[in-house]
Amino acid sequence: MELIFIGYPGSGKGTQAALLSQHLNNIPRISTGDILRAAVAAKKELGLKAKKYMDAGELVPDEVMIDLVIQRVSEPDSVKGYILDGFPRTIHQAQELDRVLLNYDRKISAVISLEIEKRKVVERLTSRRVCGRCGHLYNLLADLPPENNICSACGGEVYQRSDDKPETVLHRMDVYEEATRPLKAYYGSQGKLVQIDGSLSIEKVHAEVVHRLVKKLIELETAAKLLSAPGHA
Ligand code: AMP
């Protein structure tokens with residue numbers, strides 16, 4: 001099963017993609033943001049290319065991202081499917097993904113869009129802190145990091161991502177509106193879009209994701225059977 005999460009930065013895609021991955025026998029969650037941050041930390045060529053865009057809240061160029069994702073989904077752990085978190089982010093990325101999948105006789109199964117007010121995600125992101133070692137997330141409004149900024153889970157250092165600074169967050173929202181929001185119409189016209197209220201608790205959103213996804217997959221399968229039935233023009 002090939003699934004995609006879309007939504008504002010900070011809408012909960014990472015958290016929900018991880019929960020859904022567990023629910024689906026640990027099919028891999030592929031977060032392009034995590035892959036890029038790891039490449040930056042390891043000072044890999046990819047990281048050096050991507051860092052300036054990430055720090056500015058801009059999108060990394062499509063060619064770089066498309067190559068990266070095509071390579072990642074060709075790895076052996078992706079044979080049974082995967083959950084993309086943070087890709088595609090432009091129509092061109094989505095079209096290229098569709099084109100490449102078609103070559104392997106595969107296609108995107110469904111796309112989950114987490115709907116949440118812009119005001120709420122700006123608040124979430126600017127108060128977000130993250131452990132540089134294990135990735136554990138803290139929040140100044142809800143789950144405070146320890147005072148000495150040492151992660152209670154692993155002892156790593158807790159910091160604010162440079163792209164979570166207020167001015168960069170606002171810019172990332174504009175980039176989302178312009179480049180990524182059109183994906184809803186793109187996947188909507190393919191009948192694959194599932195829109196979920198992302199402002200509820202993590203558990204409620206997860207339950208809704210599972211419920212609505214199953215419904216959507218049944219709907220798409222039924223439609224495909226009807227279309228392939230003998231006598232259908
Ligand atoms: P994220 O953690 O998903 O918010 O991604 C962090 C940053 O990585 C984004 O602000 C972009 O600079 C870059 N990035 C991640 N995924 C993509 C993508 N699909 N296309 C372009 N840039 C991306």
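Q: How do I start reading the ligand site: which residue has a polar side-chain atom 3.4 Å from an oxygen atom of the ligand?

A: That's Arg 161; a polar atom of its side chain lies 3.4 Å from a ligand oxygen. Keep in mind as we go that this is a predicted model. For polar contacts, check which ligand atom is involved, and whether the protein partner is side chain or backbone. Arg 37 also uses its side chain, with an N or O atom 2.9 Å from an oxygen atom of the ligand. With Val 60 you look at the backbone instead: one of its N or O atoms there is 3.0 Å from a nitrogen atom of the ligand.

Q: And how much of the ligand's area does the protein bury?

A: Taken alone, the ligand exposes 480 Å², and the protein buries 95% of that.

Q: How many residues surround the ligand, and which are the closest?

A: There are 16 around it, and the closest are Thr 32, Arg 37, Glu 58, Gly 86 and Gln 93. It also pays to ask which element supplies the shell. Here helix H2, residues 32-41, gives the most, with four residues.

Q: Ala 38 is in that helix too, right where I was looking. Is it buried or exposed, or in between?

A: You have the helix right: Ala 38 lies in H2. Its relative accessibility is 49%, so it counts as partly exposed. The exposed class begins over 50%. For a sense of scale, try its C-alpha against that of Leu 226: the two residues are 188 apart in sequence and 45 Å apart in space.

Q: What about a residue with a far-off sequence partner in space: what separates the C-alpha atoms of Phe 5 and Val 194?

A: Those two are 189 residues apart along the chain, and their C-alpha atoms are separated by 9.6 Å. Phe 5 is found in strand S1. At 1% relative accessibility, Phe 5 counts as buried. Its contacts beyond four places in sequence include Lys 13, Gln 16, Ala 17, Leu 20, Leu 84, Gly 86, Ile 112 and Val 209.

Q: Now the nonpolar cores. Which members of the largest one touch the most other members?

A: Ile 4 and Leu 84, out of 25 residues in that core. Next, see which elements feed it. Two or more residues come from each of strand S1 (2-6), helix H3 (45-56), helix H4 (62-73), strand S3 (82-85), helix H5 (91-103) and helix H8 (182-189). H4 gives the largest share, six residues. Apart from this core lies another, of 16 residues, including Ala 17, Leu 20, Leu 114 and Val 205.

Q: Let's zoom in on one hub. What does Leu 84 touch, leaving out residues up to four places away in sequence?

A: Leu 3, Ile 4, Phe 5, Ile 30, Val 69, Val 73 and Leu 97.

Q: How many disulfides do I count?

A: Zero. The test is distance: the two sulfur atoms must be within 2.5 Å. For Cys 134, the closest cysteine sulfur is in Cys 154 at 3.7 Å, so that pair is too far apart for a bond. Cys 151 misses too, because its closest cysteine sulfur, in Cys 131, is 3.8 Å away. Their settings can be read off as well: Cys 134 is partly exposed at 42% relative accessibility, while Cys 151 is buried at 3%.

Q: On to backbone oddities. Where is the cis peptide bond?

A: Start with the rule of thumb: most peptide bonds are trans, and most residues other than glycine have a negative phi. The bond from Phe 87 to Pro 88 is cis, with omega near -5 degrees. Pro 88 sits in the loop between S3 and H5.

Q: And what is phi of Asn 25?

A: Near 55 degrees, which is positive in a residue other than glycine. Asn 26 has a positive phi as well, about 60 degrees. Asn 25 is in the loop between helix H1 (13-23) and strand S2 (29-31), and Asn 26 has its place in the loop between H1 and S2 as well. Asn 25 is exposed at 71% relative accessible area, and Asn 26 is exposed at 55%.

Q: One more: is Thr 168 buried or exposed?

A: Buried, at 10% relative accessibility. Thr 168 belongs to helix H7, residues 166-180. Look for its neighbours beyond four places in sequence, and you find Asp 55, Ala 56, Gly 57, Ser 162 and Asp 163.

Key:
Residues numbered from 1 in each chain as written. Predicted model: local features only at pLDDT ≥ 70, side-chain atom pairs only at ≥ 80, totals over all residues. Heavy atoms only, no water. Core = buried A, V, L, I, M, F, W, Y, C linked by side-chain atoms within 4.5 Å. Buried < 20%, exposed > 50% of the residue type's maximum accessible area, 1.4 Å probe, protein only. Contact = heavy atoms within 4.5 Å. Near = heavy atom within 4 Å. Polar contact = N/O pair within 3.5 Å; in protein donor to acceptor, adjacent residues only side chain to side chain. Areas by Shrake-Rupley, 256 points an atom, 1.4 Å probe, with all protein chains shown as cover.
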